[in-house]
Amino acid sequence: MQKDKFPIDVQFDGPAQCANCGIRDLVLFSSLKDEDFALIHQPIDEPRFEKGEILYRENEPADHFYTVREGLVKLVHKSAGGEEQIVRLLKRGDVLGLEALVGKKYKATAVAIDSTLTCEIPLSVIIKLDKNLPHFRSHLLERWQRSVDEAEDWLQCLRTGPIKKRLARFLLRLAEGEPSGTIFLPTREDMGNMLAVKIESISRVVAEFKRQGMIKKVAAYRFSIDVDMLQKIVH
């Protein structure tokens, strides 16, 4: 893991960094006004996690939030029987670790499935903003509710129905808000886990989508998709 940090022993320029962030409108601080960033005095790390690296583990104390600036992260929950289940996929603009709001332990293990750049925000920063900015509390609750809704939507839309529809929905979701116009395609194992289908079935449908031109490889692990064709499958 590579980590860039605003040093404590020099003047912290984090407020300017956060205020001018290219995805400010998408992330946890989107509700802040320019003058509100003066309340952020504690250094905020910008760690980059390479494929397979862990951001945090299930049952560890939840003392940091993470916002995804680029890349993909999967949340993995281990059942009582030891089986791993991918419960959610997070991409650009998403927030991880909201369990810290109520002082809980992390409910899942967060793993980068692509080279992923994040902002690592200490819980103390959120507590200070919450204490001094009444509107920030409602924003946090909105983000929490959005996470709950997305988790439910994941189960309803991506794990039910014919395999072709599941995969089409999944690919369209990966493409949402992606400025590059291309997507990172997870491994067949991860896609099978996320969509609750066998790896062989995923491989067959992916191959079919490629033959029909709905998925086209543009670089290593990077693909363009035909949104119109995929939407026809979904509808």
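**Exercise 1. Find which residues of H4 meet which residues of H5 in this predicted model, and work out how the two helices are oriented.**

Step 1. Start with the residues. On the H4 side, pick out Arg166, Leu167 and Phe170; on the H5 side, their counterparts are Met191, Met194 and Leu195.

Step 2. Sort them by class. The contact of H4 with H5 comes out at 5 nonpolar residues, no polar ones and 1 charged.

Step 3. Now the geometry. Two packed helices are described by the angle between their axes and the distance between the axes. For H4 (residues 163-175) and H5 (residues 188-195), the axes come within 11 Å and cross at roughly 110 degrees.

Step 4. Put a word on it. Angles of 65 to 115 degrees count as roughly perpendicular, and H4 and H5 are therefore roughly perpendicular to each other.

**Exercise 2. Describe how H5 packs with H6, and say which residues of H5 are buried.**

Step 1. Take the geometry again. H5 and H6 (residues 199-211) pack with their axes 9 Å apart, at an angle of about 105 degrees. This pair is therefore roughly perpendicular too: that goes for H5 and H6.

Step 2. List the contacts. From H5 come Arg188, Glu189, Met191, Gly192 and Leu195, and they meet Ile199, Ile202, Ser203, Val206 and Lys210 in H6. By class, that contact of H5 with H6 splits into 5 nonpolar, 2 polar and 3 charged residues.

Step 3. Check burial. In H5, the buried residues are Asp190, Met191, Gly192, Met194 and Leu195. Look back at Met191: it appears in the contact with H4 and in the contact with H6.

Step 4. Look just past the helix. Ala196 follows H5, and its phi is positive, near 60 degrees.

**Exercise 3. Lay out the sheet that holds E5 and E6, find its edges, and place H5 on it.**

Step 1. Get the order. 4 strands make an open, antiparallel sheet, running E3-E8-E5-E6.

Step 2. Find the edges. E3 (54-56) and E6 (84-90) each have a single partner strand, so one side of each is left without a neighbour in the sheet. From one strand to the next, the twist averages 30 degrees.

Step 3. Zoom in on one pair. E5 (residues 73-78) pairs with E6 over 6 bridges, in the antiparallel sense. To fix the register, use Lys78, which stands opposite Glu84 in E6.

Step 4. Add the helix. H5 packs on this sheet and touches E5 and E6, with its direction making about 95 degrees with that of E6.

**Exercise 4. Do the same for the sheet of E10, E11 and E12.**

Step 1. Here 3 strands form an open sheet in the order E10-E12-E11, with antiparallel pairing.

Step 2. The edge strands are E10 (183-184) and E11 (215-219); each has a single partner strand, so one side of each lacks a neighbour in the sheet.

Step 3. E11 and E12 (residues 222-225) run antiparallel and are joined by 4 bridges. Ile215 stands opposite Ile225 in E12.

**Exercise 5. Name the pairings of E4, then decide whether Thr118 is buried or exposed.**

Step 1. E4 (residues 64-70) pairs with E9 over 6 bridges, antiparallel, and Glu70 stands opposite Leu117 in E9.

Step 2. E4 also pairs with E7 (residues 95-96), again antiparallel, over 2 bridges. In this pair, Tyr66 stands opposite Leu96 in E7.

Step 3. Find Thr118: its place is in E9 (residues 116-122). Buried means under 20% relative accessible area, and Thr118 has 0%, so Thr118 is buried.

Step 4. See what surrounds it. Beyond four places in sequence, the contacts of Thr118 include Asp45, Pro47, Phe49, Tyr66 and Arg69.

**Exercise 6. Decide whether Lys91 is buried or exposed, and find what Lys91 touches.**

Step 1. Locate it: Lys91 lies in the loop between E6 and E7.

Step 2. Its relative accessible area is 14%, so Lys91 is buried.

Step 3. Setting aside residues up to four places away in sequence, Lys91 touches Val68, Gly71, Leu72, Arg173, Leu174 and Glu176.

Step 4. Compare sequence with space. Lys91 and Val73 are 18 residues apart in sequence, yet their C-alpha atoms are 6.5 Å apart.

Definitions and conventions: Residues numbered from 1 in each chain as written. Predicted model: local features only at pLDDT ≥ 70, side-chain atom pairs only at ≥ 80, totals over all residues. Heavy atoms only, no water. Axes fitted to C-alpha atoms, helices over the stretch in contact; angles between N-to-C directions. Parallel < 35°, antiparallel > 145°, perpendicular 65-115°, else oblique. Contact = heavy atoms within 4.5 Å. Nonpolar A, V, L, I, M, F, W, Y, C, P; charged D, E, K, R; others polar. Pairing = 2+ DSSP bridges. Buried < 20%, exposed > 50% of the residue type's maximum accessible area, 1.4 Å probe, protein only.
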